[in-house]
Amino acid sequence: MNQNSDKAELSTAVMPDENGFFGEFGGRFVPPMLEPIMQEITEAYQKIKDDPVFKEELFQLQKHYTGRPSPVFHAQNLSKRLGGAQIYLKREDLNHTGAHKINHCLGEALLAKKMGKKKLIAETGAGQHGVALATAAALVGLECDIYMGEVDIYKEHPNVVRMKILGARVIPATHGLKTLKEAVDSAFEAYMGDPVNQLYAIGSVVGPHPFPMMVRDFQAVVGREAKEQFNEINGKLPDNLVACVGGGSNAIGLFSAFLNDESVNIYGVEPAGTSFKTGEHAATLTHGKPGMIHGYKCYLLQDEKGEPAAVNTVASGLDYPGVGPQHSYLKDLKRVNYESINDKEAIDAFMQLAREEGIIPALESAHAVAYAMKLAPTLSADQTILVNLSGRGDKDIDYVVEKFGEQYGIKA
Ligand SMILES: *Cc1c(COP(=O)(O)O)cnc(C)c1O
């Protein structure tokens, strides 16, 4: 890449531009009545993000509530077994609630509280974002409404119960296919009903400006910590970074700290599902083309009519036809390599990490582990790979054993 000009553009401090664009991607395409509300959120965020009081409050919660910094662990058994590069794991799975999502949910909840909002609302698919948001809402003292497809409510029963225990209302979306897309419709409609007293807390680096920027900034703590921790262990930068990409929040959280470090190769890993036929994967950056979804522009998997396509993967947290605008931009800049891993490879990595290291990863994170497992043997033993282990796999164990247990000698 052209170092000098791109370096300035890549600096996270100056991205996105004031209208929320990362190159041609991002922006804010919302109904006119929401425009001033989004502007108000942007301004409130700009004001508090460097406010020492806000920063200290967030820092204290990250430390004493979430349990940050999460460790960086050298997966020596796995590295040895594979032969080649040394694999390190950034343990976001050890956060309170078991994944990286709590990082931005705490930030969004604190912002909502400072803005005088009464309620957080969001949609959820598998329930992971819903649980993290309900947790943050309980902590800071806000009401919380989570919209969820009726089909998902049935499928993801434990998370539904968690949200209710945490004091959130779980509101079923009962139209259409009754899954994530319908939940977004319902949540959006509810938000439009009272955008003054509610904050729509988006669950990844997606949606209209300022969300891709704000969620990234709240996740950037992952990369800042990892850079320092890795240097403490090895006295240098990692040679390679790997993270899974659904909307892209855990990935950009890790990548942000290293974008200007030329020597670091960066890999984002998307779900290849069962095949690359439309509807059987969610590898947006590898197979999509520029389009619009949920108020912003990005690479998008589209059907023949240009509408967001159906998507599929074993990892429900990666099941999204769009992707963060900054990732779309980083792809075009060729700063990040976007690769994909299929269901079978992800399941295999899930089992291998459990058996080699005693760590059961989320199926989402298993996509990143699987890619690191492919990459390691192609590199020499003095090379390193730092993987963002975005979450723990407790939520996935029943599904994995029921569907794939027999192959690994496990009876359901
Ligand atoms: C939700 C989720 C993801 C995907 O979200 P991103 O915004 O792409 O990070 C990845 N891993 C886990 C554990 C998740 O819960």
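**Close-up views: ligand shell and parallel sheet**

**View 1. Residues around the ligand in a predicted model.** The ligand is surrounded by 16 residues (one heavy atom within 4 Å of it). The closest are K101, S204, G246, S249 and S390. The shell divides into 4 nonpolar, 10 polar and 2 charged residues. Here Ala, Val, Leu, Ile, Met, Phe, Trp, Tyr, Cys and Pro count as nonpolar, Asp, Glu, Lys and Arg as charged, and the others, Gly among them, as polar. This is a predicted model: local features need pLDDT of at least 70, side-chain atom pairs count only at pLDDT 80 or more, and totals for chains, interfaces and linings use all residues. Residues are numbered from 1 along each chain as its sequence is written, and side-chain values use heavy atoms, with hydrogens and water left out.

**View 2. Polar contacts to ligand oxygen atoms (pairs of N or O atoms within 3.5 Å).** A backbone N or O atom of G247 lies 3.1 Å from a ligand oxygen. For G248, a backbone N or O atom lies 2.8 Å from a ligand oxygen. N250 uses a polar side-chain atom, 2.8 Å from an oxygen of the ligand. On its own, the ligand has 390 Å² of accessible area (Shrake-Rupley, 1.4 Å probe), and the protein covers 97% of that.

**View 3. An open sheet of 4 strands.** The order is β7-β6-β5-β8, with parallel pairing. Strands are DSSP E runs of at least two residues, numbered from the N terminus; two pair if DSSP finds at least two bridges between them. β7 (169–173) and β8 (198–200) are the edge strands, each pairing on one side only. From one strand to the next, the twist averages 25 degrees (axes fitted to C-alpha atoms; angles from 0 to 180 degrees between N-to-C directions).

**View 4. Pairing of β6 with β7.** β6 (residues 143–149) runs parallel to β7 over 5 bridges. I146 stands opposite V170 in β7.

Key: Polar contact = N/O pair within 3.5 Å; in protein donor to acceptor, adjacent residues only side chain to side chain.
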